[in-house]
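User: I am new to reading structures and would like a close look at a single part. Could you take me through it step by step?

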2 protein chains.
Amino acid sequence: MWAVIEALNYSPHPAARGLATRRTNTLGLVLRDISGEFFGPMLRGIEAGTRENGFDLLIHCTNRFEGDATPAQYALSEHNSDGLLVFTDSLDEAELRRLYRAQFPVVLLHRSSPPGLNIPCVSFENKSGARKLIDYLIEVRGYRRIAFLAGPEGTEDSYWREMGYREALAAHGIAFDPTLIEVGGFDEIQGKMGVKRLLERETAVDAIFAADDDSAIGVLEGLREAGLRVPEDIAVVGFDDIRLSKHLTPPLTTVRAPIETAGREAVRQLVNLVRSGTAERLVLLPTELVIRHSCGAP
Amino acid sequence: MWAVIEALNYSPHPAARGLATRRTNTLGLVLRDISGEFFGPMLRGIEAGTRENGFDLLIHCTNRFEGDATPAQYALSEHNSDGLLVFTDSLDEAELRRLYRAQFPVVLLHRSSPPGLNIPCVSFENKSGARKLIDYLIEVRGYRRIAFLAGPEGTEDSYWREMGYREALAAHGIAFDPTLIEVGGFDEIQGKMGVKRLLERETAVDAIFAADDDSAIGVLEGLREAGLRVPEDIAVVGFDDIRLSKHLTPPLTTVRAPIETAGREAVRQLVNLVRSGTAERLVLLPTELVIRHSCGAP
DNA sequence: GCGTTTACTGTAAGCGCTTTCAAACCGAAA
DNA sequence: TTTCGGTTTGAAAGCGCTTACAGTAAACGC
């Protein structure tokens, strides 16, 4: 029997099998886009996770193009996958609700469940990571006027990092100063623009906490163009510890976020959800302080 | 009619449709693994390309795990995709031949067609890029003893870069010296190990041409650990111009390879092949010299 | 030896769609 | 009114698989 199968090198037809079993053996990943340093490691983790569990991976970016005719399409759904990994805000709440009502397995990555939905999430310990970082800047490096350059509006990772920042300030009796907050984005350009706006304000700044390393790169650039030395004139720290960070000039103090592990873990939860219907409601992966020269450390 | 469809929010079942039409509306991407800085931009290009053309993207890594039970599986094939994008050597020649005989649309990325098969390929102008780079090192910077740190055995990108290197030497009457060749790999670790082996030989070296930027990073590290200054004691150049390169210390002289464009172009060729059965046999995307401080330029 | 359970094999239905083909329909020309 | 071309509509077949079920054979206990 198997010999015959081998001889004819037969392989079953996934579409037919999918039709009959009503399972696709495929997991879907929904992203807004694939840009920035973040996605390489994340994809690596996700791909590894799906493969280890014998699933295929279908990727879809929901980002619209300039002048595209097609309306918002939810290309990935119960029809072509057994479960969905949803990154941040790549799927709107209505679709999330629909999938939830349909009891379709979904795991959220770096985004929490909309109220009432109880969808499992995987993210980092953003708050405590930021807390450790700012504690260090205050206690060890002696900075008091620390600016926060936030990520994109509505990004939860950025929100919790800001909460950690505020908590650290409060714990050391430093009043929160709104003029030290500037919105940025999770990329180099926005980081650079953000720091320029910050400098125009002419408030004293000891250190800048960029919401992620990508934007910290822009901050370094912006400061260099403004003729300021890092860390002598102003210290810079980021979050994520992407591969570039240790190669920057100066090497960037940051918080290491296990990006790849988060991807793998999200798949693990999703596979559990698909197979046994259970998953942990919230998984927060630990972060770790990484001290380099950009904060003034030797 | 459409109102009813809207009202019931009906959406067709891809598996059933696939069964009936014998088309999947999906393109497959076969990789060995997703590591290194190269894959981010490449995936970005490929994803954009597939989406613009209304196809889905299925990704599969053929890399084996330690002690995995499953034999070499060709998860992606005529059953679940309308065409395949094959990156370098992620698929063996036998499978390539089988797909070719079955007239299944395949486009190769950074790898040329096995003899007799005539499968379309998309790659960079590696040879002329390397030629420009080495010409510059010889003519402008005056180096004569330039080492080449090759990529992984059998990698065509590396092969053609070496050919460009040799051509440049020959054109300037510099004899090819095998002791200046060292094998490395397309990653940091291998680059570092390669440069250490090179230094142990105690041949005079003016400059090191690493086959890609990832390994050039390892070279920089290796030289730093050996107490050598770049570019004062020894110059270093790479190939690809990945995002890190300009942030390195010193910033890396390299050749810009349009990684993302190559991905997008490969999809374009594949879509043509799927839709009209035609594609260009070979597309080589132009590369561009990027001069930074690591080669001794100010 | 017979009735009963267990195992195995084969058959048919059906998954949700496309596609083909035939039948029905409609308007225009004879 | 009849006839013909063209269009619309409906029904049926089939894509390649799974699965449930019936049917047959084999094994078992009394």
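User: Which atom of DNA strand C is 3.1 Å from an N or O atom in the side chain of B:Arg17? Please also describe the surroundings of that spot.

Analyst: Happy to help! Please keep in mind that this is a predicted model. The atom you ask about is a phosphate oxygen of DNA strand C, which is 3.1 Å from an N or O atom in the side chain of B:Arg17.

Let's look around that spot. B:Arg17 is one of the residues around DNA strand C, and chain B also brings B:Tyr10, B:Ser11, B:Pro12, B:His13, B:Ala16, B:Leu19, B:Ala20 and B:Thr21. Chain A takes part as well, with A:Leu19, A:Ala20 and A:Arg22. Helix α2 of chain A (14–21) and α2 of chain B each supply at least two residues of this surface. The most comes from α2(B), which gives five residues. Sorted by class, the surface near DNA strand C has seven nonpolar, three polar and two charged residues.

Which parts of the DNA face the protein here? Of the atoms of DNA strand C within 4 Å of the protein, 78% belong to sugar or phosphate, and the rest belong to bases. Your B:Arg17 contact involves a phosphate oxygen, and B:His13 offers another example: a polar backbone atom of B:His13 is 3.1 Å from a phosphate oxygen of DNA strand C. A base takes part too, with a base oxygen of DNA strand C lying 3.5 Å from a polar backbone atom of A:Ala20.

Now turn to the other DNA strand. DNA strand D is surrounded by residues of both chains, among them A:Tyr10, A:His13, A:Arg17 and A:Thr21 from chain A, and B:Leu19, B:Ala20 and B:Arg22 from chain B. Sugar and phosphate account for 78% of the atoms of DNA strand D that come within 4 Å of the protein. On this strand, look for A:Arg17: a polar side-chain atom of A:Arg17 lies 3.0 Å from a phosphate oxygen of DNA strand D.

Bases of DNA strand D are reached from both chains. A backbone N or O atom of A:Ala16 lies 3.3 Å from a base nitrogen of DNA strand D, while a backbone N or O atom of B:Ala20 lies 3.4 Å from a base oxygen of DNA strand D. Here α2 of chain A and α2 of chain B each supply at least two residues of the surface, and α2(A) gives the most, with five residues. By class, the surface near DNA strand D has seven nonpolar, three polar and two charged residues.

Both chains appear beside each DNA strand, and they also touch one another. In that interface, 37 residues of chain B are in contact with 38 residues of chain A. The size of an interface is often given as the accessible area lost when the parts come together. For chain B and chain A, about 3600 Å² is buried between them, with 55% of it on carbon and sulfur atoms.

Charges and polar atoms meet across this interface too. The rule finds six salt bridges between chain B and chain A. In one salt bridge, the side chains of B:Asp214 and A:Arg243 meet, at 2.6 Å from N to O. There are also 15 residue pairs in polar contact between chain B and chain A, both residues being at pLDDT 80 or more.

Where on chain B does this contact side come from? The elements that give two or more residues to the side touching chain A are α2 (14–21), α3 (39–52), β2 (56–61) and α8 (213–225) of chain B. You have already met α2(B) at DNA strand C. The largest share of the side touching chain A comes from β2(B), with six residues. Divided by class, the residues on this side of chain B are 16 nonpolar, ten polar and eleven charged.

Strand β2(B) is a good place to finish. It pairs with strand β2 of chain A (residues 56–61) in the antiparallel sense, over three bridges. If you want one pair to find on screen, look for A:Leu58, whose bridge partner in β2(B) is B:Leu58.

Terms used
Residues numbered from 1 in each chain as written. Chains lettered and ligands numbered in written order. Predicted model: local features only at pLDDT ≥ 70, side-chain atom pairs only at ≥ 80, totals over all residues. Heavy atoms only, no water. Contact = heavy atoms within 4.5 Å. Buried area = accessible area lost by both parts, 1.4 Å probe. Salt bridge = Lys/Arg side-chain N within 4 Å of Asp/Glu carboxyl O. Polar contact = N/O pair within 3.5 Å; in protein donor to acceptor, adjacent residues only side chain to side chain. Helix = DSSP H or I, 4+ residues; strand = E, 2+ residues; numbered from the N terminus. Nonpolar A, V, L, I, M, F, W, Y, C, P; charged D, E, K, R; others polar. Pairing = 2+ DSSP bridges. Near = heavy atom within 4 Å.
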